[in-house]
Each structure stands twice: as C-alpha cells, then as structure tokens.
Amino acid sequence: MAQVKATPKTYDVIVVGSGAGGGVAAHVLTLAGAKVCMLEAGGWYDGAKQSSMFQWPYNAPHRGAGTKEKPFGYFDATLLGGWRVPGEPYTNAAGTNWMWWRARMLGGRTNHYGRISLRMGPYDFKPYSRDGRGFDWPITYDDLAPYYDKAEELIGVFGSHEGLENTPDGRFLPAPAPRCYERLVKLACDKVNVPCIPSRLAILTRSIHGRPACHYCAQCGRACGINANFNSPGVHIFPAMKTGNLEVLTGAMARAVVVGPNGLARGVSYIDKKTRGEVTVNAKIVVLAASCCETARILLNSKSSLFPNGLANSSGLVGRYLMDTVGSDVDGYLPILEDLPPRNEDGVGGMHMYMPWWHYKDQKAGRMPFARGYHIEFGGGRGLPGADDFGGSERILGGGYGVALKRNIRKVYGAGIGFSGRGEMIPNADSYCDLDPNKVDQWGIPVLRFHFKWSQDEILQAKHMQDTFKEIITAAGGKYFTDATAENNWGISRGGAIIHEVGAARMGADPKTSVLNSNCQAWDCKNLFVTDAAPFVSNADKNPTLTITALGWRTSEYIAEQVKKRNL
Amino acid sequence: MTEKSGVSRRDLFQIMGAVPAMAAATAGSGLAQKRENHETRQGAYQRKVFDDHDWQTVRVLCDLIVPADERSGSATQAGVPEFIDDWLDFRREQDGNDDLAAQILGGLAWLDRESLRLLNNNFAALDAELQQQLLDRIAFPETATADDRRWAAFFSKFRDLTLNGFYSSKMGIADLPYLGNTAVAEWKGCDPAVWAKLEERMKNGYKGLGGEVKPWT
C-alpha cells in the first residue's frame with residue numbers, strides 16, 4: 001500500500017510543469033530570489049546531452065518512421081509522450097474526436113516544437129470588440145509588449161521588421177537567407193498578393209547569453225545538441241538551477257492543489273511515479289503550468305469542502321472554451337524546381353519564410369465569409385530522406401520503372417512543396433473538457449473527458465486556405481494535390497492535432513465570467529496562478545509559445561512584486 | 001586529427017552524433033533495447049511477411065524498378081527487399097490491419113498467375129524482356145486497361161515502397177544526392193548559380209517532367 005507523505009520543507013513557490021510556462025516562471029522567480037520547487041510528471045531531459053542530431057534514418061528502426069509511441073519519428077526529442085501516454089488515458093464524449101498531446105519530460109513540448117514565435121497583435125487581444133465574436137482579453141497588446149521584448153531577448157528569435165497590420169515586429173536576431181524554393185514561392189505570392197516575409201523562429205542566428213549560433217542542420221525537432229534553439233531546460237531551467245534557488249522533482253505527477261482552512265493554496269499533492277505513493281509539498285504560492293488541459297484537470301481534481309466543484313471554479317468555467325488551431329494542408333509539385341544542381345538546403349529546423357494573415361481590412365469591411373485569420377507555413381526542398389518521402393511519384397512521372405525512373409527521381413527530388421494553414425479558432429460553448437465520471441489513470445487520478453466542435457467560421461477558413469494554396473501553387477506553374485472537399489470540411493484538422501490547445505482557465509475582468517484575473521491570479525484563491533496557455537481568452541493564429549512565455553513572465557513579475565509588498 | 005588515429009573528420013562527426021542518441025535512448029524510454037535489436041538484426045535479416053517464393057519475386061521486382069546504373073547500385077544491393085518486408089510488418093502493427101501487406105501479397109500472386117496464364121512460368125523465372133512486357137501493362141496507371149487498374153494500383157504501391165527503401169538507404173542518399181545532415185559554418189541561402197537558373201526558367205518558360213511552366217509575367 002502506497003503511503004501518503006508530506007515533506008517538511010515549505011518553499012516560496014511550487015511550479016507545476018517545466019515547459020514554456022513552468023520554465024519561465026521558475027526562471028523569473030528564482031532570479032528574484034524565491035525558493036522554488038518544480039514538479040515534472042516526466043523524466044529528466046537535457047537536449048545538449050541527449051539530442052539525436054546528425055543521426056541517419058537508415059540506422060534507425062523502420063528508417064526512423066513515426067509510431068504510436070513516437071508520432072514524429074524515432075529521432076524526435078519527445079522520449080515519452082504523444083497523443084497517447086501509457087497508463088494515462090483520456091476520453092471523448094459522443095461525437096468528439098479530440099486528440100490530446102502530452103510530453104512527459106523535463107521541458108515538455110519545448111524540446112521538439114517548431115519554434116515559431118509570433119507576437120499576438122493589438123486586434124488579437126480585443127477580438128470581441130473588433131467583430132463581436134468570442135471574448136476580449138483583460139489586457140492589451142501594450143500591456144504585454146514589454147514582456148514580449150524580454151522573452152525574445154532571452155530566448156532569441158530571428159525575424160525582420162515589416163510594420164504589417166496586427167503583426168507586431170519584435171527584438172529580432174537577423175533572419176537567415178531564404179532557400180531557393182522559398183525565394184521562388186515569395187515571387188509566386190507577389191503575383192497573387194499574399195505577403196511572404198522572413199519567418200520568426202526561436203533559433204539563434206547569432207550567439208547570445210553564452211549559447212552558440214545555429215549550425216543549420218534542420219533538426220531542431222530532435223532537440224539541439226548545442227542549445228542553439230529555445231528549449232525550456234537549456235534556456236530557463238538550467239540557468240535557474242545555477243541560482244541555487246530551484247529544486248526540480250521529476251516523475252512527480254501533480255494530482256491536486258491542497259487548500260488550507262483559510263481558502264488559500266497550501267501546497268500540491270503529487271504521485272511519486274517511482275513509489276506510486278502520494279507526497280504533498282508545501283509552499284506559500286502555487287503556480288500551475290502543467291499545460292492547458294492538465295492544469296484544468298488539476299483544478300477540477302482539487303475538490304474540498306470549501307471548493308466542491310474544484311478549485312478556482314466558482315464561475316464554472318474551468319475546462320471551458322478549450323481551443324486548438326485550425327489546420328488544413330495542400331501538397332504541390334513545382335516543375336520549375338526540377339533538375340537543379342545539388343545543394344544543401346537544410347537551413348534551420350523550419351521555414352525561413354512565411355505568410356502572415358493579410359485580409360484584416362477585408363474582414364473589417366465585412367467582405368470575408370468567416371471571422372479571424374490564419375498564417376501560412378510551407379516547406380519543401382532537398383530534405384533528409386526518410387521512410388515515406390518518395391510515394392506518389394506516378395502523379396508526376398506517369399509511372400515507369402528501371403534506369404529511366406532512377407534518372408527521373410534524381411530530377412524531381414526537391415521539387416515537391418507543401419502548404420499548411422494555421423488559423424484562429426473562435427472559442428465556443430461546445431468545446432471543453434471536464435472530468436470523466438468513471439475513468440481514472442494508473443496513478444488513481446480522474447481523467448479528462450473532451451467535448452469539441454469546429455464552427456462554420458473555422459470550416460470556411462479551411463476552405464479559404466485550400467483556395468489560397470492552390471492559387472499560389474498555380475501561380476508558380478505547379479500542380480496541387482489535395483483530398484479536401486466540402487464533405488470533409490475542407491480537410492480541417494482534428495481538434496488537438498495541431499497541439500495548440502489553449503483556454504480552459506481563462507483570464508478576464510469579471511470573476512463571474514473568468515477563472516483568473518488580469519494577472520493570471522485565481523479570483524477564488526489569491527496565491528494560485530497559472531502560467532501556461534490555460535489563461536488564453538482567444539487563440540490567434542500566432543503560435544502560443546511566445547505568448548505563454550511573455551504572459552508567464554508578466555505573471556511571475558507580478559508574483560515577485562506582490563511578495564515584496566507583502567500582499568502574498 | 002592525426003593519421004595515426006585512423007579517424008577521418010567525417011567519421012568523427014558520425015561518432016559524435018551517435019553518442020548522444022545512445023544516451024537519449026537509455027534515459028528510460030526503452031528505445032535502447034530496440035536500437036540494439038535493430039543493429040544485431042542487420043547481419044542476418046529474419047523475414048516477417050514474405051515466404052521464400054515471395055522473396056524471390058520481390059527481389060526481382062525491386063531490381064526491375066531500381067536497377068544498378070552508372071551512379072549507384074540496385075535496390076537489392078541497398079537492402080530494399082528487407083526494408084519492404086519490415087515495413088509491411090510494421091504497418092500491420094501500427095495500423096491495426098494488414099491492408100497494405102494484403103495488397104502487396106495479392107499483387108505478387110497476380111504477377112505469377114498472369115505469368116503462368118500467358119507464359120507458363122512464374123514471374124521471377126521469366127526472361128527480363130517478358131517481365132518488362134508484363135510490367136508495362138501496370139507500370140503506367142493512366143494507360144492501364146480497366147481490367148488491369150487494380151494491378152496498376154498494386155504496382156504503384158510497390159514502386160513507392162521500393163523508392164522509399166532505396167532513397168532512404170545510405171546508397172540512395174548518396175545517389176540523389178542529399179548533401180545535408182551536417183554542421184554548416186555559414187548559411188548563405190539560395191546559391192546564386194541556382195537562382196540564375198530559376199530566373200532564366202521564369203523568363204523563358206520551362207518544359208519539365210512534371211509539366212510545362214509558362215514564362216512568369
């Protein structure tokens with residue numbers, strides 16, 4: 001029988017989670033002098049020591065192909081995690097087909113993510129005011145801008161100054177020069193009036209803070225062996241440990257926030273995965289950054305006589321207004337790129353160019369059939385060949401075999417291209433998570449049950465993506481390939497597939513309609529804060545990680561100030 | 001680097017790359033065990049899907065699709081039959097069905113059936129010229145007859161598997177060639193010589209394998 005233990009020590013702050021949100025909280029708070037205990041449900045991870053950079057797929061099982069255990073392939077940095085975590089199930093309500101990604105490791109998803117680092121713009125904080133849909137944030141772009149500055153300066157983001165509408169520029173390192181196919185696609189975009197600009201990724205093109213610059217092997221997803229991209233362990237956690245103020249407990253699966261008779265958080269109870277026993281750690285302040293849905297789960301499981309519906313849930317909004325990003329893809333083939341001289345087109349781990357949303361004025365004027373926008377990501381070139389990269393050649397070559405086929409494959413290699421839209425979902429009342437009434441995980445913790453629906457705005461946005469990608473490919477003289485039709489909602493992604501889940505404990509100006517106040521402090525429990533994506537009120541097309549980092553920084557500074565003023 | 005050590009710079013990079021991955025694999029994911037199995041497996045491959053007769057046909061078919069030429073070896077020399085056998089088993093396990101294995105095994109069975117019907121011999125035993133005659137019926141999906149369409153679909157899938165196996169092998173990567181997966185001291189972007197070629201194509205149009213590109217206005 002597992003024992004329930006309590007550690008005698010009381011920390012200043014417990015941070016639950018070690019990804020972007022937990023990392024930044026630990027970083028800011030330990031530098032401010034707080035004694036912090038970080039709980040991570042997964043194992044230890046140090047990309048600088050454990051990266052599989054420079055490995056070849058032919059040395060891996062099945063040429064490195066993705067599996068259920070490792071959806072992004074054998075070399076992906078995520079050692080334990082995916083849409084299924086062994087022994088940690090979740091359920092879907094009838095009619096829902098949600099998929100929930102979790103990375104059980106130090107640094108969470110920051111180890112493998114795409115490093116796309118886009119600031120939300122002024123419109124994105126006040127979407128309701130602009131089009132009457134969704135909800136406004138309780139803060140403005142100007143409130144967060146200084147923290148975007150700090151975040152970019154610490155993690156290192158490259159980009160260019162463009163001055164585009166609702167696409168704020170940042171404190172950028174120089175952007176890497178585009179690859180050949182990217183320069184070509186930019187010219188095609190010029191023809192169809194789609195802006196195509198240098199991308200903004202958290203990868204160092206110059207050495208900063210003792211971290212070296214990128215060496216352009218394109219393998220950021222395998223974790224960087226030289227710490228040249230942003231990852232929470234290498235950038236937030238290890239420097240924080242050097243202060244002597246941070247203690248990290250791995251294999252510590254948070255179950256509930258413990259509340260004292262005064263209604264304040266007193267600590268966190270977690271399952272020690274090694275012993276399966278429950279341990280309670282005590283602290284003056286609790287910061288949840290377990291990832292959007294996991295944070296909601298902890299709050300819903302933190303039931304007590306004072307908070308019978310879960311902690312911070314007097315509004316009934318914990319778990320509600322869950323969002324993901326809208327995705328839809330078109331593949332293409334550009335004959336103009338055939339048979340070019342061999343060259344190394346790896347570059348950074350990701351795109352050097354992208355297309356920010358460009359129809360703000362049309363939308364304001366009511367000329368678009370859907371609300372909110374998307375940005376375009378694209379890839380191609382002479383990439384590292386894996387197990388499944390040469391299928392469908394008959395679509396280009398008509399078929400064939402033999403020496404002629406071999407000669408042709410050399411010519412067509414590098415002429416394929418793919419476009420993906422990443423768009424804003426408007427929060428809706430049908431999309432949320434709650435506790436499954438029956439099921440538990442192997443740690444004895446009730447699991448989440450998901451409910452999810454796209455609205456017509458998202459579906460019509462996917463259609464617009466399809467039309468735009470076909471137009472760009474056609475403008476470049478290419479062929480496009482897509483299965484998207486009205487019947488399959490224009491190829492819209494499954495909820496959770498883009499791994500941008502946000503919301504579920506939103507911030508707001510009114511305790512009746514939000515879980516957290518404008519400092520991401522629980523209305524119902526003043527020493528409880530959230531620094532992951534759960535506080536998000538909307539999900540702009542801008543990928544969440546940079547905003548998690550900036551908002552988490554702002555929240556952590558607020559915590560430090562309140563401690564100094566003895567309000568906490 | 002001294003001559004005595006016998007390690008070239010390139011080898012050193014490979015070794016440096018290999019060490020951290022092993023560390024990663026041993027960090028509790030169970031992958032270390034898998035990697036070891038994979039490496040010990042490479043000497044003598046144990047087939048999981050194809051029987052002896054299938055194996056003979058698969059080897060013949062792979063080398064008809066990717067024969068040796070002046071730049072590189074053939075599919076069998078690159079271990080493609082082993083890749084395909086492993087891949088069919090892998091997909092069966094991952095997808096929870098054996099649709100792909102069934103399509104491939106069914107197509108191989110048809111190849112023999114048709115060879116026996118027309119030429120009184122198994123496919124693998126036919127002269128290369130006769131093998132090619134049969135393949136010409138199914139290797140070009142757009143010109144295949146209605147009766148042959150499903151066998152053309154089989155052949156397209158088999159060609160995908162062969163190309164995937166070949167071009168993700170060490171031999172295939174050198175054949176393409178893919179020149180990355182290495183540290184680059186200075187990233188310069190698109191090579192001006194390549195861009196000049198693209199500009200010329202944009203100006204004058206380009207007739208490629210994958211269609212004609214009209215001059216860009």
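A residue is counted as buried if 20 or more other C-beta atoms lie within 10 Å of its own, with C-beta atoms placed from the backbone. By this criterion, 31% of the 217 residues of chain B are buried in the predicted model. Chain B contains 9 helices and 2 strands, and its elements follow the order α-α-α-α-α-α-α-α-α-β-β along the sequence; the two strands thus come after the helices. When contacts in chain B between residues at least 6 apart in sequence are considered, 47% of them join residues at least 24 apart.

Chain A is divided into two domains, each assembled from several segments of the sequence. Domain 1 comprises residues 1-55, 68-157, 223-324, 429-453 and 501-568, whereas domain 2 comprises residues 173-199, 326-423 and 455-491. A distance of 33 Å separates the C-alpha centres of domain 1 and domain 2 of chain A. In the contact between them, domain 1 of chain A supplies 10 residues and domain 2 of chain A supplies 11 residues. On the side of domain 1 of chain A that touches domain 2 of chain A, 5 residues are charged, 3 are polar and 2 are nonpolar.

The interface between the two chains brings 73 residues of chain A into contact with 63 residues of chain B. On the side of chain A that touches chain B, two or more residues are contributed by each of the helices α2 (47-50), α6 (180-191), α10 (394-397) and α11 (402-412) of chain A. Of these elements, α11(A) provides the largest share, namely 9 residues. The side of chain A that touches chain B consists, by class, of 35 nonpolar, 21 polar and 17 charged residues.

One helix pair across this interface can be described in detail. Helix α6(A) packs against α9 of chain B (residues 192-204) at an angle of about 35°, and the axes of the two helices are 10 Å apart. The crossing of α6(A) with α9(B) is right-handed. From α6(A), the residues that make the contact are Cys180(A), Arg183(A) and Leu184(A); from α9(B), they are Val194(B), Trp195(B) and Leu198(B). By class, the contact of α6(A) with α9(B) has 5 nonpolar residues, 1 charged residue and no polar residues.

How values were computed: Residues numbered from 1 in each chain as written. Chains lettered and ligands numbered in written order. Predicted model: local features only at pLDDT ≥ 70, side-chain atom pairs only at ≥ 80, totals over all residues. Contact = placed C-beta atoms within 7 Å. Helix = DSSP H or I, 4+ residues; strand = E, 2+ residues; numbered from the N terminus. Nonpolar A, V, L, I, M, F, W, Y, C, P; charged D, E, K, R; others polar. Domains from an automatic or database assignment. Axes fitted to C-alpha atoms, helices over the stretch in contact; angles between N-to-C directions. Left-handed = near helix turned anticlockwise from the far one by under 90°. Buried ≥ 20, exposed ≤ 12 C-beta atoms within 10 Å, placed from the backbone.
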